[in-house]
Amino acid sequence: MPETMNWSLAWPYFLAALASGYLCGSIPFGLILTRLAGLGDVRKIGSGNIGATNVLRTGRKGLAAGTLLLDALKGTVPVLIAWAWGPNTALLAALGAFLGHLFPVWLGFKGGKGVATLIGVLIGLKFYAALAFAAVWLAVAFATRYSSAAALVASAATPVALWFLGERQMAEMALLLAALLWWKHRENIRRLAAGTEGRIGQKG
């Protein structure tokens, strides 16, 4: 969006960014890939989630890696396209993509937990923030062997990292996305508090 454009004319760009981001983010790649591989509905195994962690429970690491990559890209692509019309449009595309993954209209608004897509939108918005997220995730995962705990801590740290990078608007958006991610992880939080959450690499 050109800098000289009147704000009264900006809303179509904002709406288009939000809607296109949502539609891109709502593509359930985990479900699509497992069905194409002849493994049925991934929502009927494990946690019932459509993300890479649950796809991994099929025993197909390649499918899980593909889901992780595509779930990240569906966050990155709409954000990078929306940058052509300015940072506000990119932020709305990021929000749309994240909401699309969490609440896809095609699946009755029951989607994934947002970790891969959050990484994807961060890559599109501020690559250094994505690196910070990944570094914190790896550190916490290595120390605790809890994937969910790593995601929770990394998402909480991201707004702080963006703030220190001088990206106030992005920090505010990252805070909103982190809050949504925490809400989607509420069952994991309960299990972490009870000591019953599964660890990375744990069988059964």
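**Entry 1: helix 1 against helix 5**

I began with the packing of helix 1 (residues 11-25) on helix 5 (residues 87-102), and found their axes 6 Å apart at an angle of about 30°. Because angles under 35 degrees count as roughly parallel, I entered helix 1 as roughly parallel to helix 5. I note here that I am working from a predicted model. For the handedness, I recorded that helix 1 passes helix 5 in a right-handed crossing.

I then listed the residues that meet: from helix 1 these are Tyr13, Phe14, Ala17, Leu18, Gly21, Tyr22 and Gly25, while the helix 5 side includes Leu92, Ala93, Gly96, Ala97 and Gly100. Sorting this contact by class gave me 10 nonpolar and seven polar residues, with no charged residues.

**Entry 2: helix 5 against helix 9**

Next I turned to helix 5 and helix 9, whose axes come within 11 Å and cross at roughly 5°, which makes helix 5 roughly parallel to helix 9. On helix 5 I found Asn88, Leu91, Leu95, Phe98, Leu99 and Leu102 making the contact, and on helix 9 I found, among others, Met170, Met173, Leu176, Leu177 and Lys184. By class I have 11 nonpolar, two polar and one charged residues for this contact.

I checked which helix 5 residues recur, and Asn88, Leu95 and Leu99 appear both in the contact with helix 1 and in the contact with helix 9.

**Entry 3: the largest pocket**

I looked up the largest pocket and noted about 1300 Å³ of space in it. Its lining has 40 residues, and I marked Ala52, Thr53, Asn54, Arg57 and Ser147 as those nearest its centre. Several helices each supply at least two residues of this lining, among them helix 3 (52-56), helix 6 (115-125), helix 7 (127-144) and helix 8 (147-164). The largest share, six residues, I traced to helix 4, which spans 61-82. In the lining I have 15 nonpolar, 18 polar and seven charged residues.

**Entry 4: the second largest pocket**

For the second largest pocket I noted a volume of about 300 Å³. It is lined by 15 residues, and closest to its centre I found Ser47, Asn49, Gly111, Lys113 and Lys184. Lys184 had already come up in my second entry, on the helix 9 side of the contact with helix 5. Helix 9 (168-184) and helix 10 each give at least two residues to this lining, and the largest share, four residues, comes from helix 10. I also have helix 10 (186-194) down as supplying at least two residues to the lining of the largest pocket. For the second largest pocket, the lining divides into two nonpolar, six polar and seven charged residues.

Conventions:
Residues are numbered from 1 along each chain as its sequence is written. This is a predicted model: local features need pLDDT of at least 70, side-chain atom pairs count only at pLDDT 80 or more; totals for chains, interfaces and linings use all residues. Side-chain values use heavy atoms; hydrogens and water are left out. On a 1 Å grid over the protein atoms alone, a cavity is a set of points where a 1.4 Å probe fits but cannot get out, and a pocket is an open set with protein on both sides within 12 Å along at least five of seven lines; lining residues have an atom within 4 Å of a point. Grid points are joined across faces, edges and corners, and a volume is the space filled by probe spheres set on the points. Ala, Val, Leu, Ile, Met, Phe, Trp, Tyr, Cys and Pro count as nonpolar, Asp, Glu, Lys and Arg as charged, and the others, Gly among them, as polar. Axes are lines fitted to C-alpha atoms, for helices over the stretch in contact, and angles run from 0 to 180 degrees between N-to-C directions. Angles under 35 degrees count as roughly parallel, over 145 as roughly antiparallel, 65 to 115 as roughly perpendicular and the rest as oblique. A crossing is left-handed if the near helix is turned anticlockwise from the far one by less than a right angle, and right-handed if clockwise. Contact means heavy atoms within 4.5 Å.
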